[in-house]
Amino acid sequence: MNTQAHGAQPVWPAADFSRVPYEVFTDPRIYRLEMERLFRGPVWNYLAMECEIPQWGDYVTNWVGDTQVIVSRSRDGSIHAVENSCAHRGARLADKVRGNARRHVCPYHLWTYSLSGDLASVPFEKGHKGKGGMPPCFDKKDHGLRKLRIATHGGLVFGTYSDDTEPLPAYLGPHSLTQIDRLLMQRTPKVIGYLRQKIAGNWKLYNENVRDPYHASLLHLFQVSFGIQTPAMKGGIKLDKDGKNTWNHSILSDDDAQGLRDLDRDYAGSGKLMPDLQMHDPAMLEVPLDLQDGYKTTLLSMFPSLVVAQVDNTYAIRHLRPKGPDAVELHITYLGFEGDTDEDLHNRLLQVNLIGPAGYISMEDGEALRLVQLGLKTRHGEHSVLEMGGTGELHDTDYLSQEISIRGFWTHYHQLMGFEPAATEKV
């Protein structure tokens with residue numbers, strides 16, 4: 001598909017992607033191209049956690065872009081993902097979020113499929129008493145469900161439509177692999193709950209947000225004042241080879257208290273830093289880190305729609321489900337671990353209050369993205385500015401106030417979308 005033929009060709013003013021045209025957040029033609037070139041392109045899409053489908057026939061439904069899929073486990077333990085739409089007339093097959101079924105049966109004409117998506121039976125295929133039925137050339141092999149190729153790592157299930165997608169380990173990169181191993185493979189994860197948050201903003205705005213530790217210390221008064229993450233902390237970002245996947249992390253150290261006091265000048269007049277502020281009940285902040293390795297936050301942002309997050313002792317899978325150019329559903333799967341005590345579970349649920357849609361952080365992020373979407377929708381031909389942390393080549397940092405990882409996202413996005421080359425002149 002030619003973007004120019006559809007008139008969806010935004011102008012990228014800077015080769016280092018320090019400028020992002022606002023049309024990519026609002027134009028429905030670009031949104032349609034994203035569904036085809038990104039989500040159906042050479043990427044690994046997050047589908048489920050293996051622990052959600054432990055038994056033969058267990059399934060969950062999820063979204064790849066705006067296409068719904070069924071993810072299920074077969075009798076031999078293998079995992080399959082197929083589109084949730086009958087090959088006959090397009091009806092939805094599974095109408096529940098999760099369940100158990102040994103086959104997929106369309107409720108309309110009872111076409112029946114194996115869990116791997118092969119068409120197994122068609123009622124009245126040979127007609128009745130020699131009359132009717134499908135034509136002689138009809139072959140069930142030609143009418144299976146549309147399938148995705150599957151790969152797993154650390155209990156995370158991914159799927160891709162493209163035969164050209166590189167192997168999953170190479171796609172994730174060394175930093176994501178190491179952190180998934182750290183977060184999900186030292187212990188056996190289990191689901192302790194789900195939350196959904198509808199955000200009135202484009203799905204890529206959330207990708208910017210989660211790659212943007214610069215905002216975390218400014219938007220979230222709570223986060224800075226109570227020392228969850230501050231610009232004075234040790235930490236930084238590390239990118240994969242494409243710039244598409246980011247590991248954003250902060251680390252506790254003995255210097256944090258003094259560092260917080262030294263931020264007075266940076267926050268002067270902002271009203272955002274109140275080091276003397278105290279909580280009436282600070283219990284949620286007094287839970288010791290259970291991994292005991294000093295990592296206060298770990299945010300693994302994996303292109304195009306997955307975030308594996310640790311904030312204190314809250315472990316979560318955040319998945320983006322685009323709902324048109326100006327809306328996205330953030331689906332959060334909260335994790336505990338086999339062997340957790342009742343106190344462990346209590347503490348995890350307590351700290352969910354930091355993150356979820358009714359919590360301190362996600363509520364503010366959702367509102368900020370709504371305001372961005374409102375503010376940019378009429379600014380045709382204009383662009384955002386991403387220069388914090390420096391311009392030019394992408395690189396890792398050992399500091400948190402930066403927007404380099406956002407530019408990494410856009411670099412890969414631009415390449416997969418097949419847009420005209422970005423301008424090379426200095427803006």
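Which residues lie nearest the centre of the largest cavity? I will come back to that in a moment, once I have said that what you see here is a predicted model, and that I will go through it in three parts, namely the cavities and pockets, a sheet, and a pair of cysteines.

To take up the opening question, the largest cavity is lined by 17 residues, and those nearest its centre are His215, Ala216, Gln223, Leu299 and Ile361. Its volume comes to about 180 Å³, and a search of the whole structure finds four cavities of 30 Å³ or more. If we ask which elements build the lining of the largest cavity, α3, α4, β15 (295-302) and α8 each supply at least two residues, with the largest share, three residues, coming from α4.

The largest pocket, in turn, has a volume of about 420 Å³ and is lined by 20 residues, of which Glu208, Asp212, Val372, Leu386 and Glu403 lie nearest its centre. Here at least two lining residues each come from α3 (203-210), α4 (213-219), α8 (360-376) and β19 (383-385), and it is α8 that gives the most, with five residues.

Now to the sheet. Seven strands form an open sheet in the order β2-β11-β10-β5-β4-β3-β6, and their pairing is antiparallel. The edges are taken by β2 (45-49) and β6 (98-100), each of which has a single partner strand, so one side of each is left without a neighbour in the sheet. On average, and ignoring direction, neighbouring strands of this sheet are turned by 30° against each other. At the β2 edge, four bridges join β2 to the antiparallel strand β11 (residues 156-160), and Met49 has Leu156 of β11 as its bridge partner. Helix α2 (residues 168-185) packs on the sheet, where it touches both β10 (147-153) and β11, and the direction of α2 makes about 50° with that of β10.

Finally, the cysteines, where I would like to be careful. How many disulfides does the count come to? The count is zero, although Cys86 has the sulfur of Cys106 as its nearest cysteine sulfur, 3.9 Å away. A disulfide here requires the two sulfur atoms to be within 2.5 Å, so a pair at that distance is not counted. Are these two residues buried or exposed? Cys86 is buried, with a relative accessible area of 6%, and Cys106 is buried as well, at 2%.

Note on methods:
Residues are numbered from 1 along each chain as its sequence is written. This is a predicted model: local features need pLDDT of at least 70, side-chain atom pairs count only at pLDDT 80 or more; totals for chains, interfaces and linings use all residues. Side-chain values use heavy atoms; hydrogens and water are left out. Two strands pair if DSSP finds at least two bridges between them. Axes are lines fitted to C-alpha atoms, for helices over the stretch in contact, and angles run from 0 to 180 degrees between N-to-C directions. Contact means heavy atoms within 4.5 Å. Buried means under 20% relative accessible area, exposed over 50%, partly exposed in between (1.4 Å probe, protein chains only). On a 1 Å grid over the protein atoms alone, a cavity is a set of points where a 1.4 Å probe fits but cannot get out, and a pocket is an open set with protein on both sides within 12 Å along at least five of seven lines; lining residues have an atom within 4 Å of a point. Grid points are joined across faces, edges and corners, and a volume is the space filled by probe spheres set on the points.
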